[in-house]
Amino acid sequence: SISDPDIEWAVLDNGFKPYPSGVVTHAAMEGLRTIVNREKLEPSDITSITAEVDERATDTIDESDPQNAQEARGSYEFCLAAILREGDAGINEFDDEYVNNPQTRDQMEKINIEPTTELFTSGSAEASYGSRVTVECTNGTKHTESVSTAPGSPSNPLSEPRLRSKFFECAETGLSKERAELLEETIMALESETSLSDFAEQTLPS
């Protein structure tokens with residue numbers, strides 16, 4: 001039974017990715033997202049962005065000049081450019097046309113990636129993939145934000161409103177808003193349900 005109190009569900013130990021890219025890019029994206037939204041910065045306000053990242057992450061991905069959406073998922077340069085343009089990055093940005101848009105390419109030119117060692121450690125078996133982001137503005141000011149652990153990981157969970165927003169962004173690619181809302185209600189009631197039949201039916205495209 002789903003509601004059996006003696007059962008521990010491993011799904012609760014999983015993370016939830018806030019961005020549709022490689023998890024190693026997420027801390028840098030989160031750092032820039034925080035700065036851009038906190039300081040209310042536009043692309044024209046920024047001259048350069050430097051992201052210090054764990055060198056293990058750059059060993060994992062190396063797509064500095066992505067040509068399509070698939071390659072962009074492993075590109076720090078693209079991921080940060082999307083954050084800079086939009087203040088966030090989601091499904092709509094990971095699109096071939098968006099990747100090759102001249103405005104995106106212009107912002108990618110501002111990105112500098114600096115691999116480093118032992119800057120961030122998680123203190124556990126969980127990979128931290130931390131990053132420190134520094135933004136230099138046209139008015140001479142600098143803003144720095146450190147994110148020690150990838151957002152959405154068990155040690156750095158997403159807020160409930162942000163998780164719900166991510167759910168609807170994904171669900172509404174195949175479901176109507178009404179069906180997505182009904183599916184959310186079903187998911188939130190899973191602990192008290194004994195059958196997954198409603199859940200399975202509601203995930204079918206509408």
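These exercises work through the fold, core, aromatic pairs and one pocket of a predicted model.

Residues are numbered from 1 along each chain as its sequence is written. Local features need pLDDT of at least 70, side-chain atom pairs count only at pLDDT 80 or more, totals for chains, interfaces and linings use all residues, and side-chain values use heavy atoms, with hydrogens and water left out.

**Exercise 1. The fold**

Task: State how many helices and strands the protein has, and give their pattern along the sequence.

Solution:
- Step 1. Helices (H or I, at least four residues) and strands (E, at least two) are DSSP runs, numbered from the N terminus.
- Step 2. The protein has nine helices and four strands.
- Step 3. Along the sequence the pattern reads α-β-α-α-α-α-α-β-β-β-α-α-α.
- Step 4. Contact means heavy atoms within 4.5 Å. Among contacts with a separation of 6 or more, 64% join residues 24 or more positions apart.

**Exercise 2. Helix H4**

Task: Decide whether H4 is enclosed or open, and name its buried residues.

Solution:
- Step 1. Buried means under 20% relative accessible area, exposed over 50%, partly exposed in between (1.4 Å probe, protein chains only).
- Step 2. In the protein, 39% of the 206 residues count as buried.
- Step 3. In H4, nine of the 11 residues are buried, so the helix is largely enclosed by the rest of the structure.
- Step 4. The buried residues of H4 are Tyr76, Glu77, Phe78, Cys79, Leu80, Ala81, Ala82, Ile83 and Leu84.
- Step 5. Just after H4, glycine 87 has a positive phi of about 85°.

**Exercise 3. The nonpolar core**

Task: Find which elements give two or more residues to the largest nonpolar core.

Solution:
- Step 1. A nonpolar core is a set of buried Ala, Val, Leu, Ile, Met, Phe, Trp, Tyr and Cys residues joined through side-chain atoms within 4.5 Å. In soluble globular proteins, nonpolar side chains tend to be buried together.
- Step 2. The largest core has 32 residues, and Leu32, Ile49, Phe78, Val133 and Val135 have the most contacts inside it.
- Step 3. Helix H1 (26-39), strand S1 (46-54), H4, helix H5 (96-99) and strand S3 (131-137) each give two or more residues to this core.
- Step 4. H4 supplies the largest share, eight residues.
- Step 5. A second, separate core has five residues, including Ala171, Leu175, Ala180 and Leu183.

**Exercise 4. Aromatic pairs**

Task: Describe the geometry of the pair formed by phenylalanine 78 and phenylalanine 94.

Solution:
- Step 1. Rings of Phe, Tyr and Trp (its six-membered ring) pair if their centres lie within 6.5 Å; planes under 30 degrees apart count as stacked, over 60 as edge-to-face and the rest as tilted.
- Step 2. The whole structure contains three aromatic pairs.
- Step 3. Phenylalanine 78 and phenylalanine 94 are 5.2 Å apart, centre to centre, with 75° between the planes, and the pair is edge-to-face.
- Step 4. The pair links distant parts of the chain, 16 residues apart: phenylalanine 78 lies in helix H4 and phenylalanine 94 in the loop between H4 and H5. Both residues are buried.
- Step 5. Phenylalanine 167 and phenylalanine 168 have ring centres 5.1 Å apart and planes at 75°, so this pair is also edge-to-face.
- Step 6. Phenylalanine 167 is partly exposed at 23% relative accessible area, whereas phenylalanine 168 is buried at 15%.
- Step 7. Ring pairs link Phe78, Phe94 and Tyr98 into a cluster.

**Exercise 5. Two loop residues**

Task: Classify serine 75 and glutamine 67 as buried, partly exposed or exposed.

Solution:
- Step 1. Serine 75 sits in the loop between helix H3 (69-72) and helix H4 (76-86).
- Step 2. Serine 75 counts as buried because its relative accessibility is 0%.
- Step 3. Beyond residues up to four places away in sequence, serine 75 touches Ile61, Glu63, Ser64 and Pro66.
- Step 4. Glutamine 67 sits in the loop between helix H2 (55-60) and H3. With a relative accessible area of 42%, glutamine 67 is partly exposed.
- Step 5. Glutamine 67 and asparagine 100 are 33 residues apart in sequence and 6.8 Å apart in space, C-alpha to C-alpha.

**Exercise 6. A pocket**

Task: Say which helix gives the largest share of the lining of the second largest pocket.

Solution:
- Step 1. On a 1 Å grid over the protein atoms alone, a pocket is an open set of points where a 1.4 Å probe fits, with protein on both sides within 12 Å along at least five of seven lines; lining residues have an atom within 4 Å of a point.
- Step 2. Pro18, Arg33, Asp88, Ala89, Gly90, Leu158, Arg162, Ser165, Lys166 and Glu169 line this pocket.
- Step 3. Helix H7 (residues 160-171) gives the largest share, four residues.
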